[in-house]
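Subject: Structure handover

Hi,

Here is the structure I promised to pass on. Have it open while you read, as the notes below go through what I found in it.

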Amino acid sequence: MDAPDCFLGIDIGGSSVKVGVVTSEGTVLTHRHSPLAVVQTRDAALDQVFEDAHICLRTAGLTPSEVRGVGIAAPGTMDLEAGVLLQAVNLPGWEDLPLRRIAEERLGRPAVLVNDANAAAYGEYWVGAARDARSLMFWTLGTGVGGGIVINGELLQGAHGHAGECGHMIIQCDGGLRSEHGIHGALELYAGARGLVRRCEEALRSGRVSRLREIAERQTLTPLDIAAEAESGDELALELILDTARYIGIGTVNVLHMLNPEMVLIGGAMTFGQGASPVGRQFLERVRETVRERAFPIPATRTRIDFAALGNAAGYIGAAGCARRHVERARLR
């Protein structure tokens with residue numbers, strides 16, 4: 001039997017890099033996850049990224065010439081046609097970086113550049129929780145709120161890789177929370193990790209009773225602290241998490257009314273244990289309840305809303321999938 005075609009997926013984040021060798025069927029042969037010290041120079045960080053890529057290939061028993069293509073996912077605004085990363089807020093010094101050309105020079109294979117949240121969405125569509133769907137909206141919940149969209153099998157990227165940035169939709173026009181990016185009143189200010197902690201601190205200052213007060217007196221609160229106390233029955237902690245779900249539900253209603261996807265998935269670092277946790281299950285049900293209350297009846301009841309399946313592997317798997325799609329389309333031209 002012939003060996004399967006393989007693709008290399010690279011997912012560059014503000015604090016880590018994830019690399020995987022993935023077959024054309026979406027099977028991960030090997031992967032590597034390393035912290036990325038963005039305080040080092042850009043060239044040193046790039047050296048680390050591609051050294052990790054070579055290590056991952058060697059672990060799979062492959063040379064660069066034995067993979068058909070490379071997908072490289074990164075955060076920020078892009079010139080997709082030119083393969084240039086124009087701006088990445090959490091990668092200082094990476095402005096106007098010809099990342100696709102650098103990847104092709106370092107690895108000697110055709111490469112494609114894609115926004116990281118879009119790559120994760122494509123991974124879930126290709127081999128994850130949406131593999132039997134034709135259209136998808138994917139939320140990534142973390143420090144902020146990101147997103148990606150697949151419509152009729154096509155990744156929606158937009159002119160600058162910004163399509164799917166639904167975390168920046170404005171949900172409060174006047175008097176909304178202030179954004180460092182000037183996008184005041186945006187969803188992620190309420191539903192991202194920083195928004196969750198901010199709402200918690202405001203509640204404690206207002207006199208709410210909670211075990212979180214003792215934690216806040218010792219250290220800076222985190223979403224993990226809030227989730228742990230919610231699991232232990234803390235009323236305020238659970239209320240804050242369910243309010244986060246309500247905000248995501250409102251954002252989902254806006255997406256349903258614009259795009260009407262078949263499926264909506266929720267992933268990222270802040271999903272509260274997903275279905276394995278009572279709090280995660282309550283979180284998901286509150287998202288669904290909000291959609292049923294506020295959306296048009298048919299999409300409200302027929303759109304599937306669930307947690308994502310690939311975890312932090314979604315980015316590099318999706319990047320590899322985008323490389324596969326790019327190579328196959330180039331062959332057909």
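Strand β8 (residues 136-141) is mostly covered, with six of its six residues buried. Bear in mind that this is a predicted model. In a regular strand the side chains alternate between the two faces of the sheet. In β8 both of those faces are covered: L136, F138 and T140 are buried on one side, and M137, W139 and L141 are buried on the other.

Who are the partners of β8? One is β9, which runs antiparallel to β8 and is joined to it by six bridges. T140 sits opposite G146 of β9, and a hairpin of three residues links β8 to β9. Another is β11, which pairs with β8 in the parallel sense over five bridges. There, F138 stands opposite L265.

W139 turns up again in the core. Nonpolar side chains tend to be buried together in soluble globular proteins. Here the largest nonpolar core has 47 residues, and W139, I248, I266 and F283 are the ones with the most contacts inside it. Helix α8 (residues 235-259) supplies the largest share of this core, 10 residues. There is also a second, separate core of 33 residues, with V19, V49, V67 and A111 among them.

Two buried residues are worth a click while you are in this part of the model.

- T252 lies in helix α8. Its relative accessibility is 1%, so T252 counts as buried. Leaving aside neighbours within four places in sequence, T252 is in contact with W139, V264, V287, V291 and I305.
- F307 belongs to strand β12 (residues 304-307). With a relative accessibility of 7%, F307 counts as buried too. Not counting residues up to four places away in sequence, F307 touches A129, L265, I266, T271, Q274, G275, G280, F283 and L284. If you want a distance to check, the C-alpha atoms of F307 and G148 are 14 Å apart, with the two positions 159 residues apart along the chain.

Q274, one of the residues that F307 touches, has a backbone angle you may want to look at. Its phi is positive, near 50°, and Q274 is not a glycine. Q274 lies in the loop between β11 (263-267) and α9 (278-294), and is partly exposed at a relative accessible area of 24%. N152 is another non-glycine with a positive phi, about 50° in its case. N152 lies in the loop between β9 (145-151) and β10 (154-155). Is N152 buried or exposed? Exposed, with a relative accessible area of 53%.

Now for the other sheet I looked at. Strands of a sheet pair through backbone hydrogen bonds, either parallel or antiparallel. This one is an open sheet of five strands in the order β3-β2-β1-β4-β7, and its pairing is mixed. Why do β3 and β7 each have one side without a neighbour in the sheet? Because β3 (28-35) and β7 (111-115) stand at the edges, and each has a single partner strand. Direction ignored, neighbouring strands here are turned by 15° against each other on average.

For β7, the pairing is with β4 (residues 69-74): the two run parallel and are joined by five bridges. A74 has N115 in β7 as its bridge partner. Helix α2 (residues 99-107) packs on this sheet, where it touches β1 (6-12), β4 and β7, and its direction makes about 140° with that of β7.

Helix α2 also packs against another helix. Two packed helices are described by the angle between their axes and the distance between the axes. For α1 (residues 42-59) and α2 the angle is about 45° and the axes are 11 Å apart, which makes α1 oblique to α2. Their crossing is right-handed. On the α1 side the contact is made by L46, D47, F50, A53, H54 and L57, and on the α2 side by L99, I102, A103, R106 and L107.

Over to you.

Cheers

Conventions: Residues are numbered from 1 along each chain as its sequence is written. This is a predicted model: local features need pLDDT of at least 70, side-chain atom pairs count only at pLDDT 80 or more; totals for chains, interfaces and linings use all residues. Side-chain values use heavy atoms; hydrogens and water are left out. Helices (H or I, at least four residues) and strands (E, at least two) are DSSP runs, numbered from the N terminus. Buried means under 20% relative accessible area, exposed over 50%, partly exposed in between (1.4 Å probe, protein chains only). A nonpolar core is a set of buried Ala, Val, Leu, Ile, Met, Phe, Trp, Tyr and Cys residues joined through side-chain atoms within 4.5 Å. Two strands pair if DSSP finds at least two bridges between them. Axes are lines fitted to C-alpha atoms, for helices over the stretch in contact, and angles run from 0 to 180 degrees between N-to-C directions. Contact means heavy atoms within 4.5 Å. Angles under 35 degrees count as roughly parallel, over 145 as roughly antiparallel, 65 to 115 as roughly perpendicular and the rest as oblique. A crossing is left-handed if the near helix is turned anticlockwise from the far one by less than a right angle, and right-handed if clockwise.
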